[in-house]
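Here is a friendly walk through a single structure, going from its pocket to its charged pairs and then to a few individual residues. Have the viewer open as you read.

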Amino acid sequence: QDFLMTWADMIGQNANVLGEFLYILFRNTLTMSILWAVAIFWFYFLSRSKKITASRAYRYVCFLFGLFLVKEGVRMAVLVIKAGNSFRLNPLHVLFTLVFPHGILEMLAFILVIVFATKWFQTVTYNKELYWSPIYIKYVASPILCLVIAAFIEAAVTHHVFKYYLLSLVA
């Protein structure tokens with residue numbers, strides 16, 4: 001009980017919300033950029049290969065993206081279970097207070113990048129030319145908007161949600 005109260009009191013002290021926001025946004029935007037780069041690399045070079053058809057290249061990239069999503073899911077599950085077990089907290093409560101408030105939007109952004117990258121690849125493959133259309137701005141802007149909102153929630157809100165969860169356990 002005393003440990004949880006002390007822990008709850010420490011959460012949010014000396015918080016640099018702007019610094020955390022920028023760090024989280026940078027980290028997630030870097031991940032999003034890597035997903036785009038993987039898509040562009042694999043789609044472009046595999047679709048240009050004489051040995052690999054465009055549909056096979058598409059399946060390879062979807063498999064890679066699927067592995068990324070599974071890896072993220074497993075990583076989050078392991079972290080949540082470890083945090084819950086380490087502090088004798090219900091892992092589901094840890095999931096709903098520390099991960100879900102921002103994690104849903106982060107995963108949505110990454111899924112949007114994957115969907116938009118595959119859509120872009122299909123357009124390029126069927127038109128047989130590499131071009132940029134103004135409509136593709138939404139393909140980049142919507143995941144970035146999701147990441148900005150998720151970074152704000154993670155930096156400014158998630159700490160307080162978890163703090164109130166800990167205080168509810170003490171009360």
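## The lining of the largest pocket

In this predicted model, the lining of the largest pocket is made up of 14 nonpolar, five polar and six charged residues. The pocket itself has a volume of about 540 Å³. In total, 25 residues line the pocket, and those closest to its centre are R75, M76, V99, H102 and E106. If you want a quick selection to centre your view on, those five residues will do nicely.

Which elements give two or more residues to this lining? They are α2 (17–48), α3 (54–86) and α4 (91–127). Among them, α4 gives the largest share, with eleven residues.

## The overall fold

Stepping back, the protein chain has five helices and zero strands. Read from the N terminus, the order of elements is simply α-α-α-α-α.

The chain has 171 residues, and 33% of them count as buried. If you take the contacts with a separation of 6 or more, 80% of them are between residues 24 or more positions apart.

## A salt bridge between α2 and α5

There are three salt bridges in the structure. One of them joins the side chains of E154 and R27, with an N to O distance of 3.8 Å. This pair links distant parts of the chain, since E154 sits in helix α5 (residues 137–170) and R27 in helix α2, 127 residues apart.

How do the two partners compare in accessibility? E154 has a relative accessible area of 16%, under the 20% cut-off, so it counts as buried. R27 comes out at 33%, between the 20% and 50% limits, and is therefore partly exposed.

## A charged network in α3

K71, E72 and R75 are linked in a network of salt bridges. On one side, E72 pairs with K71, and their closest N and O atoms are 2.5 Å apart. On the other, the side chains of E72 and R75 meet at 2.8 Å, N to O. R75 and E72 both belong to helix α3, where they are three residues apart, about one turn of the helix. You have met R75 already, as one of the residues closest to the centre of the largest pocket.

Is E72 buried or exposed? Its relative accessibility is 10%, so E72 counts as buried, the limit being 20%. K71, at 43%, is partly exposed, and R75 is also partly exposed, with a relative accessible area of 38%.

## Cysteines without a disulfide

How many disulfides does a search of the whole structure find? The result is zero. As for individual cysteines, C62 is partly exposed at 31% relative accessibility, while C146 is buried at 12%.

## Three residues worth a click

T158 lies in helix α5. With a relative accessible area of 4%, T158 falls under the 20% limit and therefore counts as buried. Leaving out residues up to four places away in sequence, T158 touches T97, L98, P101, H102 and I153. H102 in that list is also one of the residues closest to the centre of the largest pocket.

R88 is found in the loop between α3 and α4. What stands out about its backbone is the phi of R88, near 55°, a positive value in a residue other than glycine. Most residues other than glycine have a negative phi, which is why a positive value deserves a look. R88 has a relative accessible area of 79%, and because the threshold is 50%, this residue counts as exposed.

Finally, L79 is part of helix α3. Its relative accessibility of 44% makes L79 partly exposed. How far apart are L79 and L95 in sequence and in space? They are separated by 16 residues in sequence, and their C-alpha atoms are 9.3 Å apart.

Key: Residues numbered from 1 in each chain as written. Predicted model: local features only at pLDDT ≥ 70, side-chain atom pairs only at ≥ 80, totals over all residues. Heavy atoms only, no water. 1 Å grid on protein atoms, 1.4 Å probe; cavity = no way out; pocket = protein on both sides within 12 Å on 5 of 7 lines; lining within 4 Å. Points joined across faces, edges and corners; volume = space filled by probe spheres on them. Helix = DSSP H or I, 4+ residues; strand = E, 2+ residues; numbered from the N terminus. Nonpolar A, V, L, I, M, F, W, Y, C, P; charged D, E, K, R; others polar. Disulfide = S-S within 2.5 Å. Buried < 20%, exposed > 50% of the residue type's maximum accessible area, 1.4 Å probe, protein only. Salt bridge = Lys/Arg side-chain N within 4 Å of Asp/Glu carboxyl O. Contact = heavy atoms within 4.5 Å.
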